[in-house]
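This report describes the fold, the packing and selected side-chain contacts of one protein chain. The sequence and the structure are shown first.

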Amino acid sequence: MGKAVSKANEAASTKAPPAERKAAGAHNKRKLVSLVVPVFNEQHAIEPFLLRIEAVFAPLAAQYDFEVVFVNDGSRDATEFAIRSRMQANPRLCLVNLSRNFGKEAALSAGIDHARGDACIPIDVDLQDPPELIPEMLTHWERGAKVVNARRSCRSDDGWLKRLTARAFYRIFNRMAEQSIPADVGDFRLLDKQVVEVVRDMGERVRFNKALFSWVGFETAEVTFKRPKRETGTSAWSYWRLWNFALDGIFSSTTAPLRIWTYTGGFLAILSFLYATTIFVRTLIVGVDVPGYASTLILILLFGGLNLFAIGILGEYIGRIYSEVRERPLYVLRSVHLGQEKK
């Protein structure tokens, strides 16, 4: 009886109209796009974000399917509840809960590790990364680009101090780093699955993902946009956090500060030798001069400050070496909740 039913079903599928069989095949060939969304205390941003994402992918349904991988980075509000309450009705949602707040770089890495798509797009939940840019990014991807960067066309909405510091950071970083990063490009970009696999294999624990995405290479395209204001909430990035983030980016991407200090130390050593030679010769010819308290104090303070500065740079690298050799995981998972289609 079972064999008869099986043969009947097989015959029915064979006799299905060609148009229906073609449509079914097209559905199966849809490419999956993974949206990686780190969240921290963003309970009010979840609903408007999902509405915008659904609206963007609705016209693309014939060619693309998508999943949204939320990474809850130790939120203390109802962010987890806001996501899980929508997962029952939306099987495309996936929630990765970290055991505590590990920072955005670790959360982004956790999302990339759990993404299953043919392409991966890190995006902020506050809608300052406009989802409407995704179709243009997908067009570049279909044309062969493995990485599609989204670059801000202007920073007129930022304060003068933030514009100044951002410009200075990109200039200093690109002069010092072995591999430059594109200016005014954040985490919002499209990464092909091949690029994602390379990034996953990188073992750094002190991460600066912008530099990693640029380091891997591959063919790159670019789209531009004007960044809108946040839809809800306030940014958790203070100037102090941005400063530490910039230091992590520089010291994890290049050893140029050590090399610069080698040249500086050599130059100062030559000057010190010349000065000592001058004093020695002058003493032999003229005799012992009246000791100069001011000049002695200036030299002591100068070289003492330079030594402390050099030790500080060494300490930054030693601290990062310490973090690497401990081999602690980049993040710790508390739980993972997959959408119904993925179970």
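In which helix is the place of arginine 326? The model shown is predicted, and in it arginine 326 belongs to helix α12, which covers residues 293-326. Arginine 326 is partly exposed, because its relative accessibility is 35% and the buried class ends at 20%. Its C-alpha atom is separated by 9.7 Å from that of arginine 205, although the two residues are 121 positions apart along the chain.

**Overall architecture**

Twelve helices and eight strands make up the secondary structure of the chain. The chain has 343 residues, of which 38% count as buried. Its accessible surface amounts to about 19800 Å², and carbon and sulfur atoms contribute 60% of that area. Among contacts with a separation of 6 or more, 84% join residues that are 24 or more positions apart.

**Nonpolar cores and aromatic pairs**

In soluble globular proteins, nonpolar side chains tend to be buried together. The largest nonpolar core of this chain contains 39 residues, and those with the most contacts inside it are Leu35, Val37, Phe49, Phe57, Val68 and Phe70. Helix α3 (residues 46-57) gives the most to this core, contributing six residues. Beyond its neighbours within four places in sequence, valine 68 is in contact with Leu35, Val37, Phe49, Leu50, Ile53, Arg92, Leu93 and Cys94. Another core lies apart from the largest one; it has 14 residues, including Leu108, Ala115, Leu191 and Val199.

The structure contains three aromatic pairs. A pair of aromatic rings is described by the distance of the centres and the angle of the planes. The pair of phenylalanine 49 and phenylalanine 70 is edge-to-face, because the planes stand at 65 degrees, with the ring centres 6.1 Å apart. Phenylalanine 49 lies in helix α3 and phenylalanine 70 in strand β2, so this pair ties together parts that are 21 residues apart in sequence. Both of these phenylalanines are buried. The rings of phenylalanine 57 and phenylalanine 66 are stacked, because their planes are at 25 degrees; their centres are 4.5 Å apart. Phenylalanine 57 and phenylalanine 66 are likewise buried.

**Helices with one buried face**

Which residues of helix α8 are buried? In this helix, residues 193-200, the buried positions include Val195, Val196 and Val199. Seen down the axis, the buried residues of α8 fall within an arc of 100 degrees, so they line one face of the helix. An α-helix has 3.6 residues a turn, so residues three or four places apart point the same way. The buried residues of α8 pack against α5 (104-114), β4 (119-122), β5 (147-152), β6 (185-192) and α9 (209-215). The N-terminal end of α8 is capped by aspartate 192, which has a side-chain oxygen 2.9 Å from the backbone nitrogen of glutamine 194.

Helix α6 (residues 134-142) has Ile134, Met137, Leu138 and Trp141 as its buried residues. These cover an arc of only 100 degrees around the axis, so they are on the same side of α6. After α6 comes glycine 144, with a positive phi near 120 degrees.

**Two buried polar residues in loops**

Serine 75 is found in the loop between β2 (64-72) and α4 (79-87). With a relative accessible area of 16%, serine 75 is buried, because the class takes in values under 20%. Leaving aside neighbours within four places in sequence, serine 75 is in contact with Val39, Phe40 and Asn41.

Aspartate 129 is found in the loop between β4 and α6. Aspartate 129 counts as buried, because its relative accessibility is 6%. Not counting residues up to four places away in sequence, aspartate 129 touches Ile123, Asp124, Phe188, Phe225 and Arg227. The C-alpha atoms of aspartate 129 and phenylalanine 188 lie 6.6 Å apart in space, while the residues are 59 apart in sequence.

The polar contacts made by the side chains of these two residues are listed below.

| Side chain | Partner | Distance |
|---|---|---|
| Serine 75 | Backbone nitrogen of asparagine 41 | 2.8 Å |
| Serine 75 | Side chain of asparagine 72 | 2.7 Å |
| Aspartate 129 | Backbone nitrogen of aspartate 124 | 3.0 Å |

Key: Residues are numbered from 1 along each chain as its sequence is written. This is a predicted model: local features need pLDDT of at least 70, side-chain atom pairs count only at pLDDT 80 or more; totals for chains, interfaces and linings use all residues. Side-chain values use heavy atoms; hydrogens and water are left out. Buried means under 20% relative accessible area, exposed over 50%, partly exposed in between (1.4 Å probe, protein chains only). Helices (H or I, at least four residues) and strands (E, at least two) are DSSP runs, numbered from the N terminus. The arc is that of the directions from the helix axis to the C-beta atoms. Contact means heavy atoms within 4.5 Å. A polar contact is a pair of N or O atoms within 3.5 Å; within protein, one must be able to donate a hydrogen and the other to accept it, and residues adjacent in sequence count only if both atoms are side-chain atoms. Accessible areas come from the Shrake-Rupley method with a 1.4 Å probe; for residues, only the protein chains shown count as cover. A nonpolar core is a set of buried Ala, Val, Leu, Ile, Met, Phe, Trp, Tyr and Cys residues joined through side-chain atoms within 4.5 Å. Rings of Phe, Tyr and Trp (its six-membered ring) pair if their centres lie within 6.5 Å; planes under 30 degrees apart count as stacked, over 60 as edge-to-face and the rest as tilted.
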